[in-house]
Amino acid sequence: PAMKLWKPAVCLLLSGLLLSACAAPAGSASSGAEGNPGGSSEAGPETAPIESGLDLEKLGVTEKNYPRVDGSTSTLGIVQAAYEAVFGPESMDEEGYPWEASKTVPSYEKLIAGDLDLILAPSPSADVLSQAKEAGVELELAQVAAEALIFITPVENTAANITGDQVRDIYLHNGIASWTELGGPDRALVPICRNADSGSQSQLDNLILKGEPMDPSIQENYVELTMEGMLEQTAFYHTGGMFGQPSDSYALGYTLFTYLQNMDEITGIASSLKILDYEGVPATAQTISEGSYPLTGGYYAVTRADLPEDHPARVLTRWLRSEEGQVAILSRGFLPVYLDQLPPQDTEENARQAVLNYYSGCDIQEVTLVGREGDRITFQVQAEAGGQSSLCTITLNYYPRGWQVVSADLPPGL
């Protein structure tokens, strides 16, 4: 169910009168977290039955009336999944494909201004809610995926855990100078931060800093402007970078769990980083999905409450929370809010479909299973391209986002 913000409940939230213990289930925004900078966010597996069999075209969403959609850097994959559900995967080669996102705060500002119909983003900060209230705009949030704020440091660091009090002391006061205070080595602790309009910064503000300003010396000296840059800066700060000198330090950074997992598949950056436990709880897909990790939150489909009930943006939100939409979200490397209700995705049938998608430019004559060992599966494909028929071998690995091709032959005529 969607949750409306800034009406009387949010007026109380902004006054700090609602208790953070009033957490909502994963299917809606948590009142304490969304409106109250001092609130907490809890998310767990969605318990309401998931809808299935939804067809966007039959529901009235077409290329002609597709809503204006944007979001944060971290949710770009969900934005793209929604777009492709209407325009098709081939739209990646066409003008208008959403290759970039406006980022979290700018997306909220555009939605409040009426320049967008739907955004996919982390929960709004207290500042964003204040902007909405001042503009007389009511926001509705429906959670589509689970996410978590995580703290990272170089893999060489022996520190293993960080607490909320330690995070506050570090980022509000620059008050912890050495990793020894966190059970690590006698090295300087260098806190890296993000720019104010980033999604991960909004989560840090909402969940831990509780609206209090960050120490100016951190903002002036250690700001990283991109999510990818935060990973690299944290991993390699102590090496001195390209032109600097190695230092007797380790950096502390923060990012979002699924973003790190997805970037690791592209760059392998996770092998250079360690995710710190938070309050003694490790951040894993399981602890985040079940809500036991303390900094679990989510990604939301956010609309203005004044949209007509039959608006395509509302229909698209409904689809994103259906089985079809949740599988599409999973395929992009996110943790669906209905994860526990989805059918198994590591089946041979789904692997065969991934093979057909890979060879979509060919005339497929036969697909034969060679063998499967654990999460790895191999097929032989008789395919014709350019008038030439050939036998190709393709191997796929199963990752949380689904079957991914790791090696494949291509027909000579392709």
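Accessible areas here come from the Shrake-Rupley method with a 1.4 Å probe. The model is predicted.

**Exercise 1. The protein as a whole**

Task: State how much area the protein exposes and what share of it carbon and sulfur atoms supply. Then describe the protein's secondary structure and burial.

Solution.
- Step 1. The exposed area of the protein is about 17900 Å², and carbon and sulfur atoms supply 49% of it.
- Step 2. The elements number 14 helices and 16 strands.
- Step 3. A residue counts as buried under 20% relative accessible area. Of the protein's 414 residues, 52% count as buried.
- Step 4. Take the contacts between residues at least 6 apart in sequence: 68% of these join residues at least 24 apart.

**Exercise 2. Helix α3**

Task: Compare the length of helix α3 with the expected value, and find what its buried residues pack against.

Solution.
- Step 1. Helix α3 covers residues 76–87, which is twelve residues.
- Step 2. The expected span is 1.5 Å times one less than the number of residues. From first C-alpha to last, α3 reaches 16 Å, close to the 16 Å expected.
- Step 3. Eleven of the twelve residues in α3 are buried, so the helix is mostly covered. Among them are L76, I78, V79, Y83 and F87, and also the polar Q80 and E84.
- Step 4. The partners of these buried residues are the strands β2 (69–71), β3 (118–122), β4 (139–154) and β11 (296–304), together with the helices α12 (312–320) and α13 (323–331).
- Step 5. Just after the helix, G88 has a positive phi of about 90°.

**Exercise 3. The nonpolar cores**

Task: Which residues of the largest nonpolar core touch the most other members, and which strand gives the most to this core?

Solution.
- Step 1. The largest core holds 75 residues; F151, Y171, L204 and I208 touch the most other members.
- Step 2. Strand β4 gives the most to this core, with eight residues.
- Step 3. A second, separate core has 16 residues, including A383, A385, C392 and Y398.
- Step 4. Return to Y171 and leave out residues up to four places away in sequence. Its contacts include F151 and L204, and also P191, C193, M214, D215 and Y254.
- Step 5. As background, nonpolar side chains tend to be buried together in soluble globular proteins.

**Exercise 4. Three salt bridges**

Task: How many salt bridges are there in the protein? For the pairs R68 and D117, E212 and R168, and E348 and R352, give the distance and the setting.

Solution.
- Step 1. The count comes to nine salt bridges.
- Step 2. R68 and D117 meet through their side chains at 2.9 Å, N to O. This pair links distant parts of the chain, with the two positions 49 residues apart: R68 is in the loop between α2 (31–35) and β2, and D117 in the loop between α4 (104–113) and β3.
- Step 3. R68 counts as partly exposed because its relative accessibility is 40%. D117, at 10%, is buried.
- Step 4. In the pair of E212 and R168, the closest N and O atoms are 2.7 Å apart. E212 lies in the loop between α7 (199–209) and α8 (216–221), while R168 is in helix α6 (residues 164–173); the two are 44 residues apart. E212 is partly exposed, at 36%.
- Step 5. In the pair of E348 and R352, the closest N and O atoms are 3.0 Å apart. Both sit in helix α14 (residues 348–358), and because they are four residues apart they are separated by about one helical turn.
- Step 6. An α-helix has 3.6 residues a turn, so residues three or four places apart point the same way.
- Step 7. E348 is partly exposed at 31% relative accessibility, and R352 is partly exposed at 27%.

**Exercise 5. Two single residues**

Task: Are S289 and Y399 buried, partly exposed or exposed, and what do they contact?

Solution.
- Step 1. S289 belongs to helix α11 (residues 285–290). Its relative accessibility is 12%, so S289 counts as buried.
- Step 2. The S289 side chain reaches the backbone oxygen of A285 at 2.8 Å.
- Step 3. Y399 lies in strand β15 (residues 388–399). Y399 counts as partly exposed because its relative accessibility is 28%.
- Step 4. Beyond its neighbours within four places in sequence, Y399 is in contact with E265, Q404 and V406.
- Step 5. Y399 and D375 are 24 residues apart along the chain, and their C-alpha atoms are separated by 7.8 Å.

Key: Residues numbered from 1 in each chain as written. Predicted model: local features only at pLDDT ≥ 70, side-chain atom pairs only at ≥ 80, totals over all residues. Heavy atoms only, no water. Buried < 20%, exposed > 50% of the residue type's maximum accessible area, 1.4 Å probe, protein only. Polar contact = N/O pair within 3.5 Å; in protein donor to acceptor, adjacent residues only side chain to side chain. Contact = heavy atoms within 4.5 Å. Core = buried A, V, L, I, M, F, W, Y, C linked by side-chain atoms within 4.5 Å. Salt bridge = Lys/Arg side-chain N within 4 Å of Asp/Glu carboxyl O.
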